[in-house]
Amino acid sequence: MKKNIRKKQMILATLLVSSQVLVAAPLAFAEESTSSEGRSAISQTIETSSSAASETASSETATSTSDSKEKLQINAVAIGNALTKEQENYTLDQLGIKGETPIYTTSGSDLMKYIPDGGFTKDWAVYSSVRMQTLDSGEGITVDIATPKNITRITAAQYQNAALTAGITDAKLTVASAVPIDGSGALAGVYKIVEESGGIINQDRVSVAQDEMDVLSTITEENKDKEGYSDEALNAAQEQAKTELAAQTADGSELTQSDIQATVEKALKDNGLEGIVTSDQVTELTTLMSDMKDKNIFEDFVKELDLSEARKQIEEKSKGLWENVKNFFSGLWSSITGVFGGNSNE
């Protein structure tokens, strides 16, 4: 009789353990799935799903162990289509290319695609080239113009601001040209590298990034001989204004034109440009920021910040869930061994 009771207890305990495994495990996976979907919805530029990454054989990819989603790891070059073989070798040397590295060619068609308002045609000759290397999260954008005498218009700070506005983060950009040129081809090359590597470029953000570069370049050209002016200060002010406007958006503020202009003027003042940048130029910067607001770029920045915080919360919840499951099994096993341990001593 006692043997039958012990047998029934064993079957009941086995069924109970099995049912708890089936219930508990999917709950944790559901948390992970929600987190992954959130990342997919807002990370539109440099991230890709694991399936997309595995299909991209032409770029060097690696998996970030801190996320349940893969982030593209890129080390690739986009080189101008108009270069002779000798110019190409010179450019690759300036970009620091040694050994096997994916190389794409930037053409007039790419300029038309990524810089649609630039007046380019499909037959345009492209000389400026770029190497893109992704960095660890939090390292930001760094830009090295390897041939400064040959990039005549776009500055390192302008490349940096344009990349950030377009949604690219944590990357090193190295720009070079074998002949004097404005440098637009290199910017288009950055976007081409991302897409060729399996990422997604948001065309609205790219369009605003190009407008931003045009405005900043023009202001720099108009003020280059003014005492106290520097392109670095202007781009620092621009980055500050974008950050502050994104923060105001995060607080739920409905940004008005006067709010945006006040933020722009404060950023210029903080960076020593008050009274140097003209009122017309302030208006241009304000209009640019208004376009960013209308295209929800500030909201995108906020979502990215919110996502980071949400992921932390999900990780904490998951950690707590598995701790509870572990404690449950520990207690259950103690009860089972106690029951059978007592019977064995009879």
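Student: Which strands does helix H3 lie across, and at what angle does H3 run to S1?

Tutor: Contact is the thing to look for, meaning heavy atoms within 4.5 Å. In this predicted model, H3, residues 85–94, lies across S1, S2, strand S3 (129–134) and strand S5 (171–176). Its direction makes about 145° with S1.

Student: And which strands does helix H5 lie across?

Tutor: H5 covers residues 156–166 and lies across S4 and S5. Against S4, H5 runs at about 145°.

Student: What is the strand order in the sheet?

Tutor: Two strands pair if there are at least two bridges between them, so you can walk from partner to partner. Here that gives S2-S1-S3-S5-S4, an open sheet of 5 strands with mixed pairing. Strand S2 (103–106) and strand S4 (141–145) sit at the edges, each pairing on one side only. Ignoring direction, neighbouring strands in this sheet are turned by 20° against each other on average.

Student: How many bridges join S1 to S2?

Tutor: There are 4, and S1 (residues 75–80) runs parallel to S2. For a spot to click on, try Ala78, which stands opposite Tyr104 in S2.

Student: Okay, pockets. What lines the second largest pocket?

Tutor: The general trick is that rolling a probe the size of a water molecule over the atoms shows where empty space is left. In this case, the second largest pocket holds about 160 Å³ of space. Its lining is Thr249, Gly252, Ser253, Glu254, Leu255, Lys293, Asn296, Phe298 and Glu299.

Student: How many of those lining residues are nonpolar, polar and charged?

Tutor: The lining of that second largest pocket splits into 2 nonpolar, 4 polar and 3 charged residues.

Note on methods: Residues are numbered from 1 along each chain as its sequence is written. This is a predicted model: local features need pLDDT of at least 70, side-chain atom pairs count only at pLDDT 80 or more; totals for chains, interfaces and linings use all residues. Side-chain values use heavy atoms; hydrogens and water are left out. Helices (H or I, at least four residues) and strands (E, at least two) are DSSP runs, numbered from the N terminus. Axes are lines fitted to C-alpha atoms, for helices over the stretch in contact, and angles run from 0 to 180 degrees between N-to-C directions. On a 1 Å grid over the protein atoms alone, a cavity is a set of points where a 1.4 Å probe fits but cannot get out, and a pocket is an open set with protein on both sides within 12 Å along at least five of seven lines; lining residues have an atom within 4 Å of a point. Grid points are joined across faces, edges and corners, and a volume is the space filled by probe spheres set on the points. Ala, Val, Leu, Ile, Met, Phe, Trp, Tyr, Cys and Pro count as nonpolar, Asp, Glu, Lys and Arg as charged, and the others, Gly among them, as polar.
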